[in-house]
Amino acid sequence: MNADLHCHSNVSDGFFPPAQVAQRAHAGGVTLWSLTDHDEIGGQAQARETAEALGMCYVSGVEISVTWAERTVHVVGLGIEPGCAALLEGLRATRDGRTARAESIGKALEAMGIPGAYEGALRYVSNPDLVSRTHFARFLVDNGYAKSAADVFDRLIGEGNPGFVPHRWAALADAMSWIKAAGGVAVIAHPGRYRYTPLQFDALFAEFIDLGGLAIEVVTGSHTPDQYREYANVARRFGFEASRGSDFHAPGEGRVELGALPPLPAGLKPVWERWL
Ligand code: AMP
Ligand code: MN
Ligand code: MN
Ligand code: MN
């Protein structure tokens, strides 16, 4: 079983259309796959159709942007019913602020001596409702303002940089209610990326469990091998099921290709067993 339950298409901030992401997953050896675009499920039908034609098992997915304790947390919803009205409406509301935020990022970059970044980022966008900082990163790298996406987030538009524009995403309780309404399983994405204190992490996990959360990502393209072990321990301590996903966006942008991560550490319960 090679499960890859987190990646992106050009329906959000990935590079390839859903059908091509499916082909890449299949070529990478993935047997159980989920496309989890940010705040948008417009790619699900194409992803499922292509995956099933290639003989992969498909699980519907989404990655919802949430604000918790003034910071952004991503919650992946797996096994969701894509026609669910509450989910569709919640995602639409979550996407709503993205364009105004992107204009503000453009103005902040202009104040830093980088003109035309908003218009520049838009040239990389396929879905006009979904401008992401990834699109800014592609524009900034391609135009010589930074040497890599990581460099863009370290120096220009990441938290703590002058080009960072704070934004209020969905509330955790709301995101959880949409996932539950759609019959899905909620998974905390790449917990190792959040800059919370240990006390805040405990509070986040406790609240997530109270709201019906079941799983966390342990093996992800956003974690180091040390973090696989660290979050395997967190999963054991809180009784979470464990997920695995590359978070693939585009060749050369992240650390791993689809299907290329190591297996889950021993002794964890894989979240995907329910779909086998
Ligand atoms: P947004 O939802 O518009 O805030 O954009 C967040 C996206 O930016 C994430 O989903 C990643 O694709 C990308 N991202 C965030 N941090 C980094 C980083 N340090 N290096 C590369 N990409 C990043
Ligand atoms: Mn992304
Ligand atoms: Mn994420
Ligand atoms: Mn992601």
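Two residues are in contact here when heavy atoms of theirs lie within 4.5 Å. The structure described below is a predicted model, and the report takes up one residue, then helix pairs, then metal sites.

**Ala47 and its surroundings**

Ala47 belongs to helix H2. Leaving aside residues up to four places away in sequence, Ala47 touches Pro18, Ala22, Trp33, Leu35 and Tyr58. Its relative accessibility is 0%, and because buried means under 20% relative accessible area, Ala47 counts as buried. Phe201 offers a contrast in position: Ala47 and Phe201 are separated by 154 residues in sequence and by 33 Å in space, taken from C-alpha to C-alpha.

**Helices H1 and H2**

Helix H2 covers residues 44-53, and its axis comes within 8 Å of the axis of H1, the two crossing at roughly 35°. The crossing of H1 with H2 is right-handed. On the H1 side the contact involves Pro18, Ala19, Ala22 and Gln23, which meet Gln46, Ala47, Thr50 and Ala51 of H2. Of the residues in this contact, five are nonpolar, three are polar and none is charged.

**Helices H4 and H6**

Helix H6 is made of residues 133-142, and H4 packs against H6 at an angle of about 35°, with the axes 11 Å apart. H4 also passes H6 in a right-handed crossing. H4 contributes Arg101, Ala102, Ile105, Gly106 and Leu109 to the contact, while H6 contributes Arg133, Phe136 and Leu140. The residues of the contact between H4 and H6 divide into five nonpolar, one polar and two charged.

**The buried side of H3**

Helix H3 spans residues 85-95, and its buried residues are Leu87, Gly90, Leu91, Thr94 and Arg95. These residues lie on the same side of H3, because they cover an arc of only 135° around the axis. In an α-helix there are 3.6 residues a turn, so residues three or four places apart point the same way. What do the buried residues of H3 pack against? Their partners are strand S4 (61-68), helix H4 (98-111), strand S6 (170-171) and helix H8 (172-181).

**Manganese sites**

The table sets out the donors of two manganese ions.

| Ion | Donors | Distance | Spacing along the chain |
|---|---|---|---|
| manganese ion (ligand 4) | His6 (NE2), His8 (NE2), Glu63 (OE), Asp247 (OD) | 2.1 to 2.2 Å | H-x1-H-x54-E-x183-D |
| manganese ion (ligand 3) | Glu63 (OE), His74 (ND1), His190 (NE2) | 2.1 to 2.2 Å | E-x10-H-x115-H |

Glu63 is a donor to the manganese ion (ligand 4) and also to the manganese ion (ligand 3). The manganese ion (ligand 2) is 4.6 Å from the manganese ion (ligand 4) and 5.6 Å from the manganese ion (ligand 3).

Where in the chain do His74 and His190 lie? His74 is in strand S5 (residues 71-78), and His190 is in the loop between strand S7 (185-188) and helix H9 (198-210); the pair links distant parts of the chain, 116 residues apart. His190 is buried, with a relative accessible area of 1%, and His74 is buried with a relative accessible area of 12%.

At the site of the manganese ion (ligand 4), among the donors are His6 and Glu63. His6 lies in the loop between strand S1 (3-4) and helix H1 (18-27), and Glu63 lies in strand S4, so this pair ties together parts that are 57 residues apart in sequence. His6 is buried, at a relative accessible area of 0%, and Glu63 is buried, at 1%.

**Two residues with positive phi**

Most residues other than glycine have a negative phi. Which phi values do Ala69 and His190 have? Ala69 is not a glycine, yet has a positive phi of about 50°. His190, also a residue other than glycine, has a positive phi near 25°.

Both residues are in loops: Ala69 between S4 and S5, and His190 between S7 and H9. Ala69 is partly exposed, with a relative accessible area of 38%, whereas His190 is buried. His190 is thus both a donor to the manganese ion (ligand 3) and a residue with a positive phi.

Terms used
Residues are numbered from 1 along each chain as its sequence is written. Chains are lettered from A and ligands numbered from 1 in the order in which they are written. This is a predicted model: local features need pLDDT of at least 70, side-chain atom pairs count only at pLDDT 80 or more; totals for chains, interfaces and linings use all residues. Side-chain values use heavy atoms; hydrogens and water are left out. Buried means under 20% relative accessible area, exposed over 50%, partly exposed in between (1.4 Å probe, protein chains only). Helices (H or I, at least four residues) and strands (E, at least two) are DSSP runs, numbered from the N terminus. The arc is that of the directions from the helix axis to the C-beta atoms. Donors are N, O and S atoms within 2.8 Å of the metal (3.2 Å for Na, K and Ca); water is not among the atoms, so sites may look incomplete. Axes are lines fitted to C-alpha atoms, for helices over the stretch in contact, and angles run from 0 to 180 degrees between N-to-C directions. A crossing is left-handed if the near helix is turned anticlockwise from the far one by less than a right angle, and right-handed if clockwise. Ala, Val, Leu, Ile, Met, Phe, Trp, Tyr, Cys and Pro count as nonpolar, Asp, Glu, Lys and Arg as charged, and the others, Gly among them, as polar.
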